[in-house]
Amino acid sequence: MKLLNETLEYIEGLDREAQEKAKKRLDSRMKPVESLGKLEKIAVQVAGITGRVFNSAERRCHIVASADNGIVEEGVSSCPVEYTRIVSEAMLNKIAAIGILCRSIGADFKLVDIGIKNSIPREYPNLYNKNIARGTKNFVHGAAMSTEECVAAVEAGIEMIRDLKEDYDVFSNGEMGIANTTTSSAVLYGITGAPLDDIVGRGGGLSDEGLMKKKRVIKETVEGNNLLKGDPMEILKHVGGLDIACMVGMYLGAARYRKPMLIDGFISGVAALAAYKINPHTREYMIATHRSEEPGVKVILEELQLEAMLNMDMRLGEGTGAVLAYPIVTGALEVIKNMKKVDEVYDLFG
C-alpha cells in the first residue's frame, strides 16, 4: 500500500507553461492555426506531460498484463482457460497479433504474468514474473481478489513504469486473460451504472444465450454487493481482474513519472477509467487511440471526455489499437520540432 499511496501523493497536473509555449510555437508555423487538429493537441499535451516543448516518441514500450479469471467457471467465455497462457507465450514469440505489430512498428514488447493460472514454462528476456495469484476467484461466490492482492497488482503496474521510465519516451498497454471482457464490463458497470446493453459485448464470440448470462451475472453481482458507483478500488477488488488492476497501476505510474500512456480499446479503457476515478489527474497523461468494436468503449470515452484517433473495427485487445497509433504520436512530435515559420520559409525559397 505504501507505493500506491506515495504514487497518488506525487501525481500532479500538466505543466501549463510548457503547453502554452508549445501552442504558441505551433500557431507561429507556416500553416493555418490549428489546421493539424489532433496532431497539435497531442504535441501540446505531451509538452505538458514532460515539461518540454520538444519531445520524441521513438523509444516505445508496450506492456501486456496477463491473468486468468475465476468467473470463467460461469460459462461467460467461448475460449478455454488455457488460452491465457498459450496466447501469452505466442505474444512473447512475436507470432500473436500484438507481437507482430510491435515488431513492425518498432515498439519494444513486455509481458507481465500478473496472475496466469499455469506458469509459462520457458524463460524470456521480456517476460516479467509478478504473479500475485493463480487467477482470481469466481466473483459470483465472493470477491475476485483480497484487498492485498488488488493493491499488489496495482503496485506491480506502477513498478513497471517506474523501472522502465528512463528507457522509454512513451508507453502503451494491453491485456490477455480469458473472460476479461466480463470482469472489465463488471468494473465499468460498477463505476458508471450505465445500461448493461451499452456496456456488455460478446467478447471472444459468445452466443445469444451466453451474452444474456454474462449480463445477468454482472448485474446480480455488482448490485448484490452494493458496488454501483462506489469506491473504484472496492469495485476492482470484487469484480475485476489482476490484469485490469495491473493496468490501473500503469496509468497511475505514467502520471507519477510524467510519461504519456496510450489507451487501447475496451479493457485498457476500463483500467484507464478506474485510474481516473482514483486520481483525476491521470486522464491528462492518457492518449486515447482506438475505438474498439466492444460497445462499452463509447461509455468509457464519454466518461473520460476523450476522443479516439482510430476506428479499425477491431476487438482483439492485447493493446493492438494503441500500438497502431505510435506513428501518429511520432508525427505530431516531429511537426512541432521541424515545421518552419512563414518568414523562415520565405528566406529559404522566396
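Let me begin with Cys-102: its sulfur lies 8.6 Å from the closest cysteine sulfur, that of Cys-61, which is too far for a bond. Please bear in mind throughout that this is a predicted model. Cys-102 is also buried, at 0% relative accessibility.

Cys-246 may be treated in a similar manner. Its closest cysteine sulfur belongs to Cys-150, and the separation of 11 Å is again too far for a bond. Cys-246 has a relative accessible area of 0% and is therefore buried. A disulfide would require the two sulfur atoms to be within 2.5 Å. By that rule, the count is zero disulfides.

I turn now to the site annotated in the record. Which residue does UniProt mark as "active site"? The feature is placed at Glu-318, and the entry is unreviewed. Glu-318 sits in the loop between α12, residues 296–304, and α13, residues 320–324. Is Glu-318 buried or exposed? With 5% relative accessibility, Glu-318 counts as buried, because the cut-off for that class is under 20%. Leaving aside residues up to four places away in sequence, Glu-318 touches His-62, Val-64, Val-87, Met-91, Ala-97, Ile-98, Gly-174, Glu-175 and Asp-264. Those contacts thus include the acidic residues Glu-175 and Asp-264.

Finally, the surface. Met-30, Val-342 and Tyr-346 make a nonpolar surface patch of about 300 Å². Within this patch, Val-342 belongs to helix α15, which covers residues 342–349. The relative accessible area of Val-342 is 39%, and the residue is classed as partly exposed.

To close, I return to the two cysteines: Cys-102 is buried, Cys-246 is buried, and the disulfide count is zero.

Key. Residues are numbered from 1 along each chain as its sequence is written. This is a predicted model: local features need pLDDT of at least 70, side-chain atom pairs count only at pLDDT 80 or more; totals for chains, interfaces and linings use all residues. Side-chain values use heavy atoms; hydrogens and water are left out. Buried means under 20% relative accessible area, exposed over 50%, partly exposed in between (1.4 Å probe, protein chains only). Patches are made of residues with over 30% relative accessible area and no salt bridge: like charges are joined within 9 Å, nonpolar side chains (Val, Leu, Ile, Met, Phe, Trp, Tyr) within 5 Å. Accessible areas come from the Shrake-Rupley method with a 1.4 Å probe; for residues, only the protein chains shown count as cover. A salt bridge is a side-chain nitrogen of Lys or Arg within 4 Å of a carboxyl oxygen of Asp or Glu. Helices (H or I, at least four residues) and strands (E, at least two) are DSSP runs, numbered from the N terminus. UniProt positions are given in the numbering used here, feature names are shortened, and annotations may be inferred rather than shown by experiment. Contact means heavy atoms within 4.5 Å.
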